[in-house]
Amino acid sequence: MQEFKSFPFDIHDVEESDKRELSKYFLGAGKFSIQVGPKKYLLMSDYEHDAENIYNMPLRHDDIFLVTFPRSGTTWTLELVWLLASNLDYSTAAKTHDNLMESLNKKHADNPEYLKTLQAMRTPGSEQASKMASPRFIRTHLPLSFLPPTLLDSTKVVYVARDPRDVAVSYYHLSRDFQSFIFNGDFKTYWSLFIRDLVYWSPFFEHVKEAWQMRHHPNMLFLFYEELLQNMPATLQRVATFLGKEYRADQIEELSTHLKFENFKNNPAVGIYDMKEYGMMASKGEFVRKGKSGGWRDYFDEDMTREAQLWIDNNLQNTDMRFPSMQ
Ligand code: A3P
């Protein structure tokens, strides 16, 4: 039995001026924001009611957690972790993902509680997790410090990080198309909110650094999105070893092909079709969008590029973490 622990962090309202800005730009969730803990992670207010439950959620020895900042390659990594852990069972993989989506009923679209339902989906509800069959593959955007303190003693955790400039571009597109955000500004505005830690689940660097600090723990695998792009077979081998699995080179090759962007984009298991059908995502929205590294260059003018470099340099000062795209 895990010992029950009170949630150790303060939960605050967002400062009035920031709240005004959030409400102005995030028409979906802007009004419902809170900041949590000393690092002031910006979350949607539903989290407050589940924070302690999540912090105390009963863990199972075969759980695998996938922890990411949004738009860092979560969906992609979940598919590969699931397949590697499940003896490459492609036929079941095609059906299993997004059981959350399956549980959503079409009638929600006309229900006044719908927005609430959408917001609840933004957090890994402790209740949803408790109902999942083992082995559980639990993805969350919550930082490690908000998950059970015994997490790494009991379960395996994969963390994926991505160049924050590409994350920001990707997140901007999602935020415009996703009904729980409905961001209505331009990219420059989005970027200024991003580096002021006013997009959901930020501060970005604190999120990543929490995991980086734990990267040597035997139950933690820290990956970069860019490593997966640059050398998928080698990265898949690392994940397989971490999961205690062995695969032949031809199996890894086949999995690499399955996971290639062009193939993955058309994979119905990614769940996007349901999201559009339920009106959670604009019909033009793309969940699996470009799948590249360095696409940020098309969005940043000279001033923004300089500002980004300064922000990155400041945040990397006290850590040996280096993104593959910055070397
Ligand atoms: P882009 O918007 O830059 O294309 P998440 O799943 O965490 O929301 O991350 C989404 C990002 O991962 C999107 O980035 C998406 O295109 C990218 N992605 C998804 N599948 C991918 C794949 N097979 N190869 C490369 N990138 C992929």
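Where in the chain is the place of Pro203? Pro203 sits in the loop between α10 (187-195) and α11 (204-212), and the peptide bond that leads into Pro203 from Ser202 is cis, with omega about 15 degrees. The model discussed here is predicted, and its secondary structure comes to 17 helices and 7 strands. Of the 327 residues of the chain, 35% count as buried, while residues 24 or more positions apart account for 75% of the contacts with a separation of 6 or more.

**The shell around the ligand**

- The ligand is surrounded by 19 residues, of which Thr74, Thr75, Ser170, Arg289 and Gly291 come nearest.
- The elements that give two or more residues to this shell are α3, α9 (164-177) and α15 (261-265).
- Sorted by class, the shell around the ligand has 6 nonpolar, 9 polar and 4 charged residues.

**Packing of α3 with α13**

- In general, two packed helices are described by the angle between their axes and the distance between the axes.
- For helix α3 (residues 74-85) and helix α13 (residues 232-242), the axes come within 10 Å and cross at roughly 55 degrees, and the two helices are therefore oblique to each other.
- The crossing of α3 and α13 is right-handed, and the contact is made by Leu80, Val81 and Leu84 on the side of α3 and by Leu236, Val239 and Ala240 on the side of α13.
- By class, the contact of α3 with α13 has 6 nonpolar residues, with no polar and no charged residues.

**Packing of α9 with α10, and the buried side of α10**

- Helices α9 and α10 pack at an angle of about 115 degrees, with their axes 10 Å apart, and their crossing is right-handed.
- The residues that make this contact are Ala168, Tyr172 and Ser175 of α9, together with Phe187, Tyr190, Trp191 and Phe194 of α10.
- By class, the contact of α9 with α10 has 6 nonpolar residues, 1 polar residue and no charged residues.
- The buried residues of α10 are Tyr190, Trp191, Leu193, Phe194 and Ile195, and these buried residues pack against α1 (16-25), α9 and α17 (302-316).

**The loop after α10**

- Helix α10 is followed by Asp197, whose phi is positive, near 65 degrees.
- Trp201, which has its place in the loop between α10 and α11, has a phi near 80 degrees, a positive value in a residue other than glycine.
- Trp201 counts as buried because 21 C-beta neighbours lie inside 10 Å, where the cut-off for a buried residue is 20 or more.
- The cis peptide bond between Ser202 and Pro203 belongs to this part of the chain as well, since Pro203 is in the loop between α10 and α11.

**Backbone features elsewhere**

- A cis peptide bond also runs from Ser134 to Pro135, with omega near -5 degrees, and Pro135 is found in the loop between α7 (126-131) and β5 (137-140).
- Asn87 lies in the loop between α3 and α4 (90-96), and its phi is near 55 degrees, a positive value in a residue other than glycine.
- Asn87 counts as exposed, because 10 other C-beta atoms lie within 10 Å and the cut-off for an exposed residue is 12 or fewer.

**Two pairs of residues by sequence and by space**

- Ser6 is found in the segment before β1 (11-13) and is exposed, with 8 other C-beta atoms within 10 Å.
- Ser6 and Asn56 are 50 residues apart in sequence, and their C-alpha atoms are 8.3 Å apart in space.
- Gln309 lies in helix α17 and counts as partly exposed, with 13 C-beta neighbours inside 10 Å.
- Gln309 and Arg215 are 94 residues apart in sequence, and the distance between them in space, taken from C-alpha to C-alpha, is 25 Å.

Conventions:
Residues numbered from 1 in each chain as written. Predicted model: local features only at pLDDT ≥ 70, side-chain atom pairs only at ≥ 80, totals over all residues. Axes fitted to C-alpha atoms, helices over the stretch in contact; angles between N-to-C directions. Helix = DSSP H or I, 4+ residues; strand = E, 2+ residues; numbered from the N terminus. Parallel < 35°, antiparallel > 145°, perpendicular 65-115°, else oblique. Left-handed = near helix turned anticlockwise from the far one by under 90°. Contact = placed C-beta atoms within 7 Å. Nonpolar A, V, L, I, M, F, W, Y, C, P; charged D, E, K, R; others polar. Near = placed C-beta within 6 Å.
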